[in-house]
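Hi,

Here is the structure I promised to pass on to you. Have a look at it first, and then read on for what turned up.

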Amino acid sequence: MKERYKQQTIIENMNVILCAIVEHYNADYSYYIEREDGELPTVYEWCKTGMPFQKEYLRGLSEREFPEWVLRETDDYDISIHKEVRSGVIGILAVVNVQQNWHDSSLLRMVLPYVSQSITMQKQQMQQEYLSYHDDLTGLLNRNSMLNYLETTDAESLESVGALCVDINGLKFFNKEFGREYGDEVVMRVGELLEEHFKGDMVYRLTGDEFLVISENISYDNFIKQMNAANDRLENISLDLTTMGYAWEKVDIELNNLINTAEEMMREEKQKFYKKDKTDHTPIIKDDLLEDIAQGNFIVCLQPKMHVDTEAVSSAEALVRYRHKDLGIMDPQRYLNLLERTRLSHHLDMYVFETVCRIIEHWIQKDMPVIPISVNISSDTLCREDTVEQMMRLVEKYKVPCEYLEIEVSENDDCMNQEVLAETSNRIRKANIRVVLDNFGTKNSSLSILSIMEFDGLKVDRTLVTNIVSNHRSQIVARAIISICKELGATVVATGVETQDQLNVLKELGCDYAQGFLFNKPVALDTFEVRYMQE
């Protein structure tokens, strides 16, 4: 309740300020906006009576579609002033369609520092209060919340209470074997499923691997039904890492004793787990992966690569998004890192390559324009002797001209030296499939690979592009890379391009192609076709 009240206070304060600005300028709209990484995560709006709200419309725009007053300060019928309020965050106070006091931004300049500072301070205070009673990883209630509940709840007012304790078995072993990032993913999955099945109830994360659910005024049958449903969903994750204990009471309710009873049952069940050998999760993960691929849970999206000079689409990169059967669309990176560590990446790589072949076959059959598509291949796949043969079987199966296929390889894999990378890449090129050297410019890449490896294209890493507008040294390095590639007969793609200024600098440096959110994020195939494949 306290958090909700403070959030309402921010909105009320902003409404008062923005309403006064609209009246001062007799304008249609006034805004306070925070712009960050080409997006507008914070938008406050006030509009004249009868005018439609535009807040959600603004939030849905790409950076290239932003109004002029969002991109830079203006001083005409639309007046806006900009100020960096946090690192990488620009605060914008603006008034749109001004009818009086044209060219006078003095009021906005006076108000903006107060507005941005007030919002920042209130957000920080809310965040501190939130973290005092919530787990920072999962967003669930934490032990402080549980203790507060036990101190403030009148058990006599409750008709019944159920307590469920859930423990992630062997989480330490899992963290050690596959990395803490994936261990965190397991913790978040468990927390999300418990919240989903106990909506309206209190779900706590008490320790690193232990959760508690408190369900008030629930019948025994319904409590057991919800618990079993949650357990079934947890089993569907196929990790087999959770143990449960529960208790339910409706007479002489004593909350501490109820929780202790559930914990004791959980500990007894946990001992059964430790009698089993649960240290090798690779077979489980492999079965999970193959099932996900078979059911289409990995979605192949396309991100356009554009001609720097014409800004027309030249090719695309196939990127994977993961649709978990229980949790929906998820960031795939943690899953991909796990596949790398368990040496299972080749299954997914070949699935993506086959999907790309199928897409190109579809374009040809429908007499649509055809552009090359690149596929990222992991070191695990490159090291396998039959990789090229598998690729060629798929090429023959779908009758795809090799000129439309590109393989992106990277020097950043510690387990692959330059000679192995060069040899494998040569085998792919001999099959008439283009090879592109990816992530060039990161800490693990070196100039020597350019003299060892034959390649058709090179992708400049986003770390070099980020500061290319203001950093003269970055421009010198980028110009040198582009010049070397031209001498070697290879094209250059700049990745992570997010602003028009970056694109302009790349054009001056002679870069061939660009890729990044300035043009588009990875999109579904049908969206890509409508946007880029219509003649």
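Five strands make up an open sheet in this predicted model, with antiparallel pairing and the order E2-E1-E5-E4-E3. At the edges sit E2 (39-47) and E3, each of which pairs on one side only.

Starting from the E3 edge, E3 (residues 74-75) runs antiparallel to E4 (residues 79-86), and two bridges join them. You can find both on screen: Thr 74 has Ser 80 as its bridge partner, while Asp 75 is partnered by Ile 79. Three residues form the hairpin connection from E3 to E4.

Moving along the sheet, E4 pairs with E5 (residues 89-96) over seven bridges, again in the antiparallel sense. Within this pair, His 82 lies opposite Ile 92 of E5. The hairpin here has two residues between the strands, and Gly 88 adopts a positive phi near 80 degrees.

Now for the nonpolar core. The largest one contains 73 residues, and helix H12 (residues 345-365) supplies ten of them, the largest share. Which residues have the most contacts inside this core? They are Phe 353, Leu 405, Ile 407, Met 453, Leu 458, Val 497 and Phe 528.

Ile 407 is a nice one to click on. Setting aside neighbours within four places in sequence, Ile 407 is in contact with Phe 353, Val 375, Ile 377, Met 391, Ile 428, Ile 433, Arg 434, Val 435 and Val 436. Phe 353 thus appears in this list and also among the core residues with the most contacts.

Happy browsing, and all the best!

Definitions and conventions. Residues numbered from 1 in each chain as written. Predicted model: local features only at pLDDT ≥ 70, side-chain atom pairs only at ≥ 80, totals over all residues. Heavy atoms only, no water. Pairing = 2+ DSSP bridges. Helix = DSSP H or I, 4+ residues; strand = E, 2+ residues; numbered from the N terminus. Core = buried A, V, L, I, M, F, W, Y, C linked by side-chain atoms within 4.5 Å. Buried < 20%, exposed > 50% of the residue type's maximum accessible area, 1.4 Å probe, protein only. Contact = heavy atoms within 4.5 Å.
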